[in-house]
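Here are my notebook entries from a walk through one model. I kept them short, and I wrote down the cut-offs as I went.

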Amino acid sequence: MAVVYRSLSSTLSGTWRRCGARAFSYQHIIVEKKGEKQNVGLIQLNRPKALNALCNDLMTEVNQALDTFENDPQIGAIVLTGSEKAFAAGADIKEMQNRTFQDCYSENFLSRWDRICSVKKPVIAAVNGYALGGGCELAMMCDIIYAGEKAQFGQPEILLGTIPGAGGTQRLTRAVGKSLAMEMVLTGDRISAQEAKQAGLVSKVFPIEKLVEEAVSCGEKIASHSKLVVAMAKESVNGSFELTLAEGARLEKRLFYATFATDDRKEGMTAFVEKRKPNFTDK
């Protein structure tokens, strides 16, 4: 079977276009190429009746789509979104309800969610509606979060007698600080898109109908740069969350030096001196 994308034109015509050598039959997500140059991958969560609850099958499909876009040289950035009503209302409670400690521990439950953190290409979360529990955690795994003006973020696991298990207590605290993160985790209260932006969880807020378009536009801007250097920049920024300032500065310096081994660094600086647009080749 072959991986199938829906391009913008093929979406309008209602047909599918094949890309690549393998085919995944997606049931819970919609996968498309977006942008004028078709260089932005779009993954849309599509379990509307369950408000995009993150079941195992859905996360498996997300990982397959991420792998496909990661290996596609045409794609320079990825947008992850849901519906206008819900980005994702959380993990699938029905799947978790009867799990035991032994099940979770032996199967390394939720570990497949970590794939999004290891993708080298930037991932932009376009969040409309509910981003709760696992949905909020999934958004925080992305590199940039754009929110629709009616989006809501929260970690309500405490209301179910448990705690966040996919990085919620860690990433939320790093994003918004201890006090707000502790309040959200201990009470289960939600924050609005505007509050999330003020707290630093979200970078921009847009009208609902403009959100995905703006996220794709950001992806196009990123994809216009050297994919190799973009990956280095992403690695350096991510290092700031795990390293001391001195260690992070050393990592940044090494990656900065490494850009001087690339054709794209030379092309970028030459184009600047010659007052022309650079022609990056990702080498």
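**Entry 1: Ile78 and its neighbours**

I looked up which residues Ile78 touches, leaving out those up to four places away in sequence. The list reads Gly41, Ile43, Leu66, Phe69, Val119, Pro122, Val123 and Ile124, where contact means heavy atoms within 4.5 Å. Ile78 itself sits in strand β5, residues 77-81. Helices (H or I, at least four residues) and strands (E, at least two) are DSSP runs, numbered from the N terminus.

Is Ile78 buried or exposed? Ile78 counts as buried because its relative accessibility is 0%. My scale is under 20% relative accessible area for buried, over 50% for exposed and partly exposed in between, with a 1.4 Å probe and protein chains only. I also took one distance: the C-alpha atoms of Ile78 and Glu195 are 25 Å apart, with their positions 117 residues apart along the chain.

A note on the model: it is predicted, so local features need pLDDT of at least 70 and side-chain atom pairs count only at pLDDT 80 or more, while totals for chains, interfaces and linings use all residues. Residues are numbered from 1 along each chain as its sequence is written, and side-chain values use heavy atoms, with hydrogens and water left out.

**Entry 2: Nonpolar cores**

Next I searched for nonpolar cores, meaning sets of buried Ala, Val, Leu, Ile, Met, Phe, Trp, Tyr and Cys residues joined through side-chain atoms within 4.5 Å. The largest has 48 residues, and Phe153 and Leu201 touch the most other members. Helix α2 (residues 56-70) is the top contributor to this core, with six residues. I also found a second, separate core of 14 residues, with Ile124, Tyr146, Phe206 and Val230 among them. In soluble globular proteins, nonpolar side chains tend to be buried together.

**Entry 3: Pockets**

Rolling a probe the size of a water molecule over the atoms shows where empty space is left. For me a pocket is an open set of points on a 1 Å grid over the protein atoms alone, with protein on both sides within 12 Å along at least five of seven lines; a cavity is a set where a 1.4 Å probe fits but cannot get out, and lining residues have an atom within 4 Å of a point. Points are joined across faces, edges and corners, and a volume is the space filled by probe spheres set on them.

The largest pocket holds about 920 Å³. Of its 30 lining residues, Met140, Cys142, Asp143, Asn238 and Phe241 lie nearest the centre. Two or more lining residues come from each of α5 (115-118), α6 (134-141), β9 (144-148), α7 (168-176) and α11 (227-239). Helix α11 has the largest share, seven residues. By class I noted 19 nonpolar, five polar and six charged residues, counting Ala, Val, Leu, Ile, Met, Phe, Trp, Tyr, Cys and Pro as nonpolar, Asp, Glu, Lys and Arg as charged, and the others, Gly among them, as polar.

The second largest pocket has a volume of about 540 Å³. Its lining has 25 residues, with Ile93, Met96, Glu157, Leu160 and Thr162 nearest the centre. At least two of them come from each of α3 (93-96), α4 (101-107) and α6. This lining divides into 15 nonpolar, seven polar and three charged residues.

How many of the residues of α6 are buried? I count eight of eight.

**Entry 4: One cavity**

I searched the whole structure for cavities of 30 Å³ or more and got one. It holds about 40 Å³. The lining is Leu54, Asn56, Ala91, Asp92, Glu95, Met96, Phe109, Leu110 and Trp113, or six nonpolar, one polar and two charged by class.

**Entry 5: Helix α13**

In α13 (residues 263-273), the buried residues are Asp264, Glu267 and Ala271. They lie on the same side of α13 because they cover an arc of only 60 degrees around the axis, taken from the directions from the helix axis to the C-beta atoms. The face turned away from that side carries the exposed Lys266, Phe272 and Val273.

**Entry 6: Positive phi**

Most residues other than glycine have a negative phi, and most peptide bonds are trans. I noted Asn52, with a positive phi of about 60 degrees. Asn52 lies in the loop between β4 (40-45) and α2 and is buried, at 2% relative accessible area. Lys275 also has a positive phi, about 55 degrees. Lys275 is in the segment after α13 and counts as exposed, at 76% relative accessibility.
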